[in-house]
Amino acid sequence: MRQTIYFAVVATAVAVGMMGCSKSSTTAPVTPTAPAFPSVTFKGPATASTDANAQATIALATSANAYSNGAVFATFAGVNPAQSGNSWTWSYTAGNWSITFTETKQPDGSYTWQWVENGTNPNNHAVYSNWTFFSGSRSADGANGDWKVYYDSTTTLNAEFTWSTVSGVKTGSLKVYASNGITITDQMTVINNTDGSGEVDVYTGAVVTYKSTWSANGSGTWWTYSNTGTQTGTGTWS
């Protein structure tokens, strides 16, 4: 079973890269209409079970929340965004390394966002020139949205996470791409139903290699499959 929590890894790497750096930023006053940082929340089964698959399912489902993790945006804690029309920009600098995060409100009430880096990262010495680390958007009500993450110093897509909500049922889909930005190497789908039940499906390429479902009471069932789709195991937790 693939249990790599892709977005959590990316988020942690960003947070660690900023630790220990001094920062400077705009001191423009915060306006009452400044948007909150992007956020999306998925839940795993509500269970206290110590079963390995129950815990793996929780970890996989909640990995979809990586960019709601405060560690990603902690570098902007206490930073007042500069406003220009319907855009708000948070800024961070360390030496000649700078990061800007901009959220822009669209006419329909939705938002787009972009994280851009310039200069030399003092931690890993990578040099960036107007590089977009990630970008995305969300609907006005936050029910639908997407994240796109790019390979270091390129415009090549590394990973993409989308979510949608239909009649209260929330579905998240993660796709991880090879270095060509086209071939999908791994995928994951998370479904949260209105009654607390749900499902996680993990793919290697286009083949489901792990699947778990759970009921509103937190009990669940899991299945594993080979890379050719042959079932190799199953079980339950309560």
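**Notebook: buried charges, a one-sided helix and a nonpolar core**

I began with Asp 201, which counts as buried at a relative accessibility of 6%. The model I am reading is a predicted one, and I kept that in mind throughout.

**Entry 1, salt bridges on strands 10 and 11.** I looked up the partner of Asp 201 and found that its side chain meets that of Lys 211 in a salt bridge, at 3.2 Å from N to O. Asp 201 belongs to strand 10 and Lys 211 to strand 11, so this pair ties together parts that are 10 residues apart in sequence. Lys 211 also forms a salt bridge with Glu 199, and there the closest N and O atoms are 2.5 Å apart. That second pair again links strand 11, which holds Lys 211, to strand 10, which holds Glu 199, across 12 residues. I noted that Lys 211 itself counts as partly exposed, at 22% relative accessibility.

**Entry 2, salt bridges on strands 6 and 7.** A search of the whole structure gave me 4 salt bridges, and I turned next to the one between Glu 160 and Lys 148, whose side chains meet at 3.4 Å, N to O. Since Glu 160 lies in strand 7 and Lys 148 in strand 6, the pair ties together parts that are 12 residues apart in sequence. Glu 160 is buried, with a relative accessible area of 17%, whereas Lys 148 counts as partly exposed at 26%. I then returned to the buried Asp 201 at 6% before turning to shared partners: Asp 146, Lys 148 and Glu 160 are joined into one network by salt bridges that have partners in common.

**Entry 3, helix 2.** I listed the buried residues of helix 2, which spans residues 52–62, and obtained Asn 53, Ala 54, Ala 56, Thr 57, Leu 60 and Ala 61. They cover an arc of only 160° around the axis, which puts them on the same side of helix 2. The spacing fits the general rule that an α-helix has 3.6 residues a turn, so residues three or four places apart point the same way. I asked what these buried residues pack against, and the answer is strand 9 (184–192), strand 10 (198–204), strand 11 (207–214), strand 12 (220–225) and strand 13 (231–237). At the N-terminal end of the helix, Asp 51 acts as a cap, with a side-chain oxygen 2.8 Å from the backbone nitrogen of Asn 53.

**Entry 4, the nonpolar core.** The largest nonpolar core has 44 residues, and those with the most contacts inside it are Phe 76, Trp 115, Phe 134 and Trp 147. I followed Phe 134 and, leaving aside neighbours within four places in sequence, found contacts that include Tyr 67, Phe 73, Phe 101, Trp 113, Trp 115 and Trp 147. Lys 148, the salt-bridge partner of Glu 160, is also in contact with Phe 134.

**Entry 5, positive phi values.** Ser 153, although not a glycine, has a positive phi of about 60°, and this residue sits in the loop between strand 6 (145–150) and strand 7 (157–166). Ser 167 likewise has a positive phi, near 55°, and lies in the loop between strand 7 and strand 8 (169–177). Ser 153 is partly exposed at 42% relative accessible area, while Ser 167 is exposed at 72%.

**Entry 6, the whole chain.** I closed with totals: the protein chain has 3 helices and 13 strands, and 44% of its 238 residues count as buried.

How values were computed: Residues are numbered from 1 along each chain as its sequence is written. This is a predicted model: local features need pLDDT of at least 70, side-chain atom pairs count only at pLDDT 80 or more; totals for chains, interfaces and linings use all residues. Side-chain values use heavy atoms; hydrogens and water are left out. Helices (H or I, at least four residues) and strands (E, at least two) are DSSP runs, numbered from the N terminus. Buried means under 20% relative accessible area, exposed over 50%, partly exposed in between (1.4 Å probe, protein chains only). A nonpolar core is a set of buried Ala, Val, Leu, Ile, Met, Phe, Trp, Tyr and Cys residues joined through side-chain atoms within 4.5 Å. Contact means heavy atoms within 4.5 Å. The arc is that of the directions from the helix axis to the C-beta atoms. A polar contact is a pair of N or O atoms within 3.5 Å; within protein, one must be able to donate a hydrogen and the other to accept it, and residues adjacent in sequence count only if both atoms are side-chain atoms.
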